[in-house]
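This report goes through one helix, one contact surface and a few strand pairings. Please keep the sequence and the structure in view while reading.

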Amino acid sequence: MTRATPSRFSPNYLQQLPEDLAKYIQRHGLDKELGRLEGWASSTEKRYTEVEEWQIDNLILTYWHIACMYRHSAGAAFSRFLEGLKNGKILGTRCENCGRVLIPPRIFCEWCFKDVDKWVEHPGTGIISTYSLSYIGTDPRVRFEKPVIVAVIWFDGTVKAVNSSRTVLHAAGMLHKVYGVDPEKVHVGMRVKPVWRKPEERVGSILDIEYFAPVEGGA
Amino acid sequence: MSIESFYEYPAGVALSRFLEGLRLGRLIASKCSACNHMIIPPRAYCLKCYRPIKEYQIIGEEGRIVTYTRSLINIEGKPANPPVTWVFVKFEGVDGGLLHVLDSTINPQIGMRVRPVFREQRIGSILDIKWFTAV
Amino acid sequence: MRKRVAIVGAGMTYFRSMLPMTPQEMVFEAARKSLDDCGLEFKDIDAVVSGSAPDAFDGYHHKGLVGVEPSGAYGKPYSRVFVGGGTGVGVAVAGWWHVASGAFKRVLVVAWEKMSHPYPHAQPLFKTIFDPVIEQPLGPNLIWIFALEMRRYMEAHKLSKELIARVAVKNKGNALDHPYAQLGAKITVEDVLKSPVLVWPVHRLDISPSSDGAVALVFASEEEAKKITDTPVWIEGVGACLDSQFWTNRDLAYPYYVYLAAQQAYKMAGITNPLKEIDVFEPYDPFTYKELHHLDALLGKPGLAPKLLAEGQLERDGDYPTCPSGGLLGVGNPIAAAGLMKVAELYWQLSGRAGKRQVPNACVGVAQAWGDLMQVAQVVVCRS
């Protein structure tokens, strides 16, 4: 099997590309990037197919770029929830049929298939149901020296457990970050409470809660 | 929220040959050694008898316009100046065909005989063909 | 009246991090091999069911259509099935509906993935799975959900990372015998624990590699199957179940939805005691702990899988061979293709064609895939 040489970027190539794609390539220095080309080259070096006729002598690469902006409507339940956060309150709904407190709130109960219109306020204290220590960003190439503690917080008084096993059937809960504790010391079951941004800084976002912090004296 | 992503596509077995052909100023079709079916853009497998393709052939560059449209707006929905004429061109004895842009000075007609105009600097891209023009 | 459905042929491409072929060419290679395997031609196929991951991984709209031409679906019913990470087994479940309903006699089931298209990595596209209103602002990474689920699972059964790492050792070792595998290797528990931490408790070697690949199977009705082959493998039960998207309200320690999907499939197959009656297990293993987490649910006994692992029972020569193929950790994880690879492995194991990977006297097997925000379960039970 002959080794295929993947095509490389050339100034000519950039001239032919649509403007936004050419700009993207230059902005990210991809025209100088060789790692991927070597990757493609080594993939053609190895046996890549069992179809005998399919020899690639000169692998040609092409490029494409998409950028989309989205504006999401928060909907009936989340709009009220975000409005609550702006006012420093964690709001949920309660299903009058099964009694569950629903945080994140919804205006229907997916267990009972009933409308839910009773709103409740929760102080936001709870326990860490599970956590992880993220050493990478959304872009996995970004590495943090000190990890970010990410946790699911279950709110006090909302946990429905099954007696026969350790499995929890339902809990009002939220994904957020935890600060104010050594990553080595954070644990499942740790008691936490929300730390709010200053009222004038709140905008109606999940980030109006800056983070969750350990409750003093809590285990 | 935004999503921005960049993609890199290897042209694969058949289209790498096609693009390499364009770089050299030629149109390449695939030809099935079993049933002689020819198609452009080329495939790595025969669409008639589903066997892998071994042969690729240079075809004559003269084709005919099968259908066309004039786009008065660009990809962002703004007025295109000048308007762009898109043509679908078929070639004698070859299945399939090519979608491309027509020479802006030509008034398109269905059945019109056209040929590709290659750019001087070619890199192995569909844009190595500048546009199709009347024969 | 439900028709019996058999798998009569299978084929796959190599799983590699960067396959130079186009998705169309990969689909053709897998489909051609699966038909050659059972001596059929494309014209013999009545309908095609296909599966592939989100369009965002390829960057063009409705990428399912690329499967039409190379699978010979011209002028035939063709559909693309999508149930997130569960797609690979979901596509087999959907293929089963086609034949079991009596509507089609011979169906080609194909799944493919080309994860090397997005540059530099598919990872930033994965984050779009999180809720845009209340989760995305936190800047999540897909590995978060695995790390959170893994930590909860470890807490529930007091599991050590050392034990869980043995899944990677086992599966990468098993993959050494798989001719199409990307990452077969002899590694140690220490290698896993010393690999870089990405999102603790998840290390790099806890994760299956992103990959390109395609897999195809041929399904046939009972009458047809008997004409086509002497060694059909019967799909005796299928199950599918989804849980709520409000995942912070659930206990991540036990995938109850996987249990429910498995129970549907067992009921259909007449299996009452999976531990005794099933010879080969192919649970979904994109991450090390996931194999145990899913096996718990397939066995209906939370916490049992880690015990069996510790006793060495999940090895290919153990009492409960699990991922004898090498799984996603060893063979590779081209998402939809990886799930269907597990069903293909059941076909090879139960028809006695698994070569060096063969589990002796394997008659009954289960394959399962999982996906989305920890909520999708797809299960297939086969018998020779």
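Helices here are DSSP runs of H or I with at least four residues, numbered from the N terminus. The model is a predicted one.

**Helix 4 of chain C**

By that numbering, helix 4 of chain C covers residues 143–157, 15 residues in total. From its first C-alpha to its last it reaches 21 Å, close to the 21 Å expected at 1.5 Å a residue. K158(C) follows helix 4 of chain C, and the phi of K158(C) is positive, near 50°. Of the 15 residues in helix 4 of chain C, 13 are buried, so this helix is largely enclosed by the rest of the structure.

**Chain C against chain A**

Contacts link 46 residues of chain C with 52 residues of chain A. On the chain C side, the elements giving two or more residues are helix 3 (123–126), helix 4 and strand 6 (197–200). Helix 4 of chain C gives the most, with 7 residues. By type, the residues on this side of chain C are 28 nonpolar, 10 polar and 8 charged.

**Strand pairings**

The table lists antiparallel pairs, one of them between chains A and C.

| Strand | Partner strand | Bridges | Facing residues |
|---|---|---|---|
| Strand 5 of chain B (residues 63–73) | Strand 9 of chain B (residues 113–118) | 2 bridges | R64(B) and R113(B) |
| Strand 9 of chain B | Strand 10 of chain B (residues 129–134) | 5 bridges | V117(B) and W131(B) |
| Strand 7 of chain A (residues 126–136) | Strand 6 of chain C | 2 bridges | S134(A) and V199(C) |

Strand 9 of chain B thus pairs with strand 5 of chain B and with strand 10 of chain B.

Methods: Residues numbered from 1 in each chain as written. Chains lettered and ligands numbered in written order. Predicted model: local features only at pLDDT ≥ 70, side-chain atom pairs only at ≥ 80, totals over all residues. Expected span 1.5 Å × (residues − 1). Buried ≥ 20, exposed ≤ 12 C-beta atoms within 10 Å, placed from the backbone. Pairing = 2+ DSSP bridges. Contact = placed C-beta atoms within 7 Å. Nonpolar A, V, L, I, M, F, W, Y, C, P; charged D, E, K, R; others polar.
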